[in-house]
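Grab the model and work through the exercises below. Each one has a task and then a solution in steps.

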Amino acid sequence: MPDRILYGYWRSSAAYRVRIALNLKGLEYQQRSIHLVKAGGEQHTAAFQQLNPNQLVPVLVDGDMTLNQSLAIIDYLDETYPQQLLTPTDREQRYLVKALAQDIAIDIHPLNNLRVLQYLSNSLDVADTDKMRWYAHWIEHGFSALEQRLSQTHGRYCVGDQVSLVDVCLVPQVYNAKRFNVDMSPYPIIESVTASLNHLDAFQQAMPEKQPDAER
């Protein structure tokens with residue numbers, strides 16, 4: 001068995017990104033499920049806090065390297081296992097890809113993260129309908145801007161015809177949006193690119209429903 005271990009959760013968007021990256025690079029790994037809801041959330045246990053005091057997934061253990069934060073993990077994978085680079089070597093393309101990926105992972109995703117939604121419900125007593133309005137507002141705001149950006153950069157995928165870090169971030173975010181019934185019809189480029197990506201084996205094998213801890 002590989003000594004590479006990914007601590008994650010089947011529906012975690014950030015863990016989903018790392019699964020895609022590992023699959024694209026053809027790297028074997030073990031999965032350790034950290035259930036984000038059961039018993040108040042296994043991410044809050046003392047054992048997991050030893051790995052990540054921030055109490056978030058994913059965490060990747062690769063030999064003597066332990067890393068949290070999905071974008072940092074993927075940067076590490078690109079530098080350590082350079083087969084199928086997810087950030088281009090060309091300077092202009094490299095920073096375009098990083099900026100677009102951060103539009104998703106830093107600007108869109110944190111506002112609809114599970115712990116934010118739980119805080120709205122549990123600490124601020126926000127009604128479920130208002131919580132979903134919050135969720136949809138920030139997804140729609142982010143996707144509207146991203147659709148404009150992709151109109152200038154996309155080919156088959158987000159940036160031309162090569163799979164990149166942007167694609168790795170996009171697919172989990174779209175999965176998340178659809179799970180919460182966000183209307184995707186205003187975003188035809190995002191929909192087209194996502195459909196193309198989801199035909200690739202690395203993306204298919206990373207899908208939440210195909211994970212060992214998926215709840216059926």
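Before starting, a word on elements: helices (H or I, at least four residues) and strands (E, at least two) are DSSP runs, numbered from the N terminus. This is a predicted model, where local features need pLDDT of at least 70, side-chain atom pairs count only at pLDDT 80 or more, and totals for chains, interfaces and linings use all residues. Residues are numbered from 1 along each chain as its sequence is written, and side-chain values use heavy atoms, with hydrogens and water left out.

**Exercise 1. Place Ala14 and describe its surroundings.**

Step 1: find the element. Ala14 sits in helix H1.

Step 2: check the exposure. Buried means under 20% relative accessible area, exposed over 50%, partly exposed in between (1.4 Å probe, protein chains only). Ala14 has a relative accessible area of 9%, so the residue is buried.

Step 3: list the contacts, meaning heavy atoms within 4.5 Å. Leave aside neighbours within four places in sequence, and Ala14 is in contact with Val57, Pro58 and Ser70.

Step 4: try a distance. Thr89 is 75 residues away from Ala14 along the chain, and their C-alpha atoms are 24 Å apart.

**Exercise 2. Work out the sheet, strand by strand.**

Step 1: get the order. Two strands pair if DSSP finds at least two bridges between them. That gives an open sheet of four strands, ordered E2-E1-E3-E4, with mixed pairing.

Step 2: look at the edges. E2 (30–33) and E4 each have a single partner strand, so one side of each has no neighbour in the sheet.

Step 3: add the twist. Axes are lines fitted to C-alpha atoms, for helices over the stretch in contact, and angles run from 0 to 180 degrees between N-to-C directions. From one strand to the next, the twist averages 15°.

Step 4: go through the pairs.
- E1 (residues 4–8) and E2 are parallel, with four bridges; Leu6 is opposite Gln31 in E2.
- E1 and E3 run antiparallel, joined by four bridges, and Tyr7 has Val59 in E3 as its bridge partner.
- E3 and E4 are antiparallel too, again with four bridges, and Val61 faces Thr66 in E4.

Step 5: inspect the turn. The hairpin of E3 and E4 has two residues between the strands, and Gly63 takes a positive phi near 65° there.

**Exercise 3. Which way do the side chains of E3 point, and what does H3 pack against?**

Step 1: split E3 into its two faces. Val59 and Val61 point one way, Leu60 and Asp62 point the other way, and all are buried.

Step 2: lay H3 over the sheet. H3 lies across E3 and E4 and runs at about 140° to E4.

Step 3: pick out the buried residues of H3 (residues 70–80). They are Ser70, Leu71, Ile73, Ile74, Tyr76, Leu77 and Asp78.

Step 4: name their partners. The buried residues of H3 pack against helices H1 (13–24), H4 (91–108) and H7 (165–179), plus strands E3 (59–62) and E4 (65–68).

**Exercise 4. Compare two loop residues, Ser12 and Lys25.**

Step 1: locate Ser12. The residue is in the loop between E1 and H1 and counts as buried, at 8% relative accessibility.

Step 2: check its partners. A polar atom of the Ser12 side chain lies 3.1 Å from the backbone nitrogen of Ala15. Beyond neighbours within four places in sequence, Ser12 is in contact with Leu36 and Val57.

Step 3: locate Lys25. This one is in the loop between H1 and E2, and counts as buried at 4% relative accessibility.

Step 4: look for a polar contact (a pair of N or O atoms within 3.5 Å; within protein, one must be able to donate a hydrogen and the other to accept it, and residues adjacent in sequence count only if both atoms are side-chain atoms). The side chains of Lys25 and Asp78 make one, at 2.7 Å. Not counting residues up to four places away in sequence, Lys25 also touches others, including Leu77, Tyr81 and Pro82.

**Exercise 5. Sum up the whole chain.**

Step 1: count the elements. The protein chain has nine helices and four strands.

Step 2: note the burial. Of its 216 residues, 48% count as buried.

Step 3: get the extent. The C-alpha trace spans about 45 × 45 × 30 Å along its principal axes.
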